[in-house]
Amino acid sequence: MGRISDAFARARGENRAALVIYLCAGDPDLDTTVRLVEAAAQAGADVVELGMPFSDPTADGPAIQRASERALARGTTLEGLLGAVRAVRARGVEVPLLLFGYYNPILRRGEERLVAELVAAGADGLLVVDLPPEECASLRGPAVRAGLDYVPLVAPTSTDARKRLAADQATAFVYHVSLTGVTGAAGADLDAAARRAADLQRALGKPVAVGFGIKTPEDVHLVAQHADGVVVGSAVVRAIEEAATADAAVDDVRRLVARLAARTARS
Amino acid sequence: VDDAQALAAFQQLARTEGILPALESSHAIAHLPVLARELGQGAPVLVNLSGRGDKDLDTVQQWLREHG
């Protein structure tokens, strides 16, 4: 079992949901990203999703779009992101790191090459938003063979057959998208999404995390009652955007993650 | 540009760039070789991918099952 599965198993053992925190690599800069990962881990994040900034993040709402734009404007590259992963590990931070991104930069770099680089840097898994399950073998195969986890997404509109396919491909958990929309969207029925996740977990036999539209400690509490994992992204990215300095961003993220982590218990 | 050409262009961009274009934009990609020939060697051509194709996947898969 990898670090991500360990984190989910540990959370389950503590009768709570695993807290997954999304950060966009390079926002506001890669040095700060390293400190943000450390702060999130210390404040109680069980897994950190590290976003690969991309020019056309079609699944992301305005907050993460802006974060991607800021990161790209600063010249963030996949190379730089790998350096940040190495720097996180060099600081002794062992939080599981799940790379979250789009397929174009992965294909351009070379799938097997990137897999080897991720393993060497100390990353734990991959989540590729726009790679359909029917087409993922050329990336998933090398990734899983090299010991990386592969996390597929299912949407409320996914058919049973595609949910089954996603579960078969998932090695650590399945990411259940709460709504038919983009990250950070308002109006998700989180209680219903969390219940769907629990049904999915029972049907598929793999842990299921819920993401998209989960912003507040109260949202986390709601989802944690049923789901194995809770993903918070846009709210964290927004806190970074609103901070006046990099130091303030690190402090604010630490405080926000601690407040979210305090509400992961099943009551 | 007919459906077969647009769908071939869709698959070509997915395989070469890892980008899923919208079906509308796939027509533009399909027309690109014709346009490029007309404009001649060295002419700069900018393609506007006006939309994303992940929302069209069901349509694409069904078409490929029936015609591919």
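**View 1. The second largest pocket brings together residues of chains A and B.** By class, 11 nonpolar, four polar and five charged residues make up the lining of this second largest pocket. Its volume comes to about 420 Å³ in this predicted model. The lining counts 20 residues, and those nearest the centre of the pocket are Pro132(A), Glu135(A), Phe10(B), Ala14(B) and Leu20(B). Three helices each give two or more residues to this lining: H5 (103–109) of chain A, and H1 (3–17) and H3 of chain B. If you would like one helix to start from, choose H3(B), which gives the most to the lining of the second largest pocket, with five residues.

**View 2. The largest pocket is also lined from chains A and B.** Here the volume is about 930 Å³. A total of 33 residues line the largest pocket, and Val129(A), Ala155(A), Ser158(A), Arg162(A) and Asp54(B) are the closest to its centre. To find your way around the walls, look for strand S6 (153–154) and helix H8 (160–169) of chain A, along with helix H3 (57–67) of chain B; each supplies at least two residues of the lining. Among the elements, H8(A) gives the most, with three residues. The lining of the largest pocket divides into 20 nonpolar, seven polar and six charged residues.

**View 3. Strand S3 of chain A is largely enclosed by the rest of the structure.** Is this strand, residues 97–101, mostly buried or exposed? Five of its five residues are buried, so S3(A) is largely enclosed. Burial here stands for under 20% relative accessible area. You can check each face in turn: Leu97(A), Leu99(A) and Gly101(A) are buried on one side, and Leu98(A) and Phe100(A) are buried on the other.

**View 4. S3(A) pairs with strand S2 and with strand S4 of chain A.** Strand S2 (residues 47–51) of chain A runs parallel to S3(A), and four bridges join them. For a landmark in this pairing, find Leu50(A), whose bridge partner in S3(A) is Leu99(A). Strand S4 (residues 125–128) of chain A pairs with S3(A) in the parallel sense too, over four bridges. A landmark here is Leu98(A), which has Gly125(A) of S4(A) as its bridge partner.

**View 5. The largest cavity is one of two cavities of 30 Å³ or more in the structure.** Its volume is about 110 Å³. Which residues lie nearest the centre of the largest cavity? They are Tyr175(A), Thr183(A), Phe212(A), Gly233(A) and Ser234(A), out of a lining of 18 residues. Strand S9 (229–232) and helix H11 (234–242) of chain A each supply at least two residues of that lining. Sorted by class, the lining of the largest cavity has nine nonpolar, six polar and three charged residues.

**View 6. The second largest cavity holds about 30 Å³ of space.** Its lining is short enough to walk through by name: Tyr22(A), Gly51(A), Met52(A), Phe54(A), Pro57(A), Asp60(A), Ser68(A), Phe100(A) and Tyr102(A). Six of these lining residues are nonpolar, two are polar and one is charged. One name may be familiar from View 3: Phe100(A) lines this cavity, and Phe100(A) is also among the buried residues of S3(A).

Note on methods:
Residues are numbered from 1 along each chain as its sequence is written. Chains are lettered from A and ligands numbered from 1 in the order in which they are written. This is a predicted model: local features need pLDDT of at least 70, side-chain atom pairs count only at pLDDT 80 or more; totals for chains, interfaces and linings use all residues. Side-chain values use heavy atoms; hydrogens and water are left out. On a 1 Å grid over the protein atoms alone, a cavity is a set of points where a 1.4 Å probe fits but cannot get out, and a pocket is an open set with protein on both sides within 12 Å along at least five of seven lines; lining residues have an atom within 4 Å of a point. Grid points are joined across faces, edges and corners, and a volume is the space filled by probe spheres set on the points. Ala, Val, Leu, Ile, Met, Phe, Trp, Tyr, Cys and Pro count as nonpolar, Asp, Glu, Lys and Arg as charged, and the others, Gly among them, as polar. Buried means under 20% relative accessible area, exposed over 50%, partly exposed in between (1.4 Å probe, protein chains only). Two strands pair if DSSP finds at least two bridges between them.
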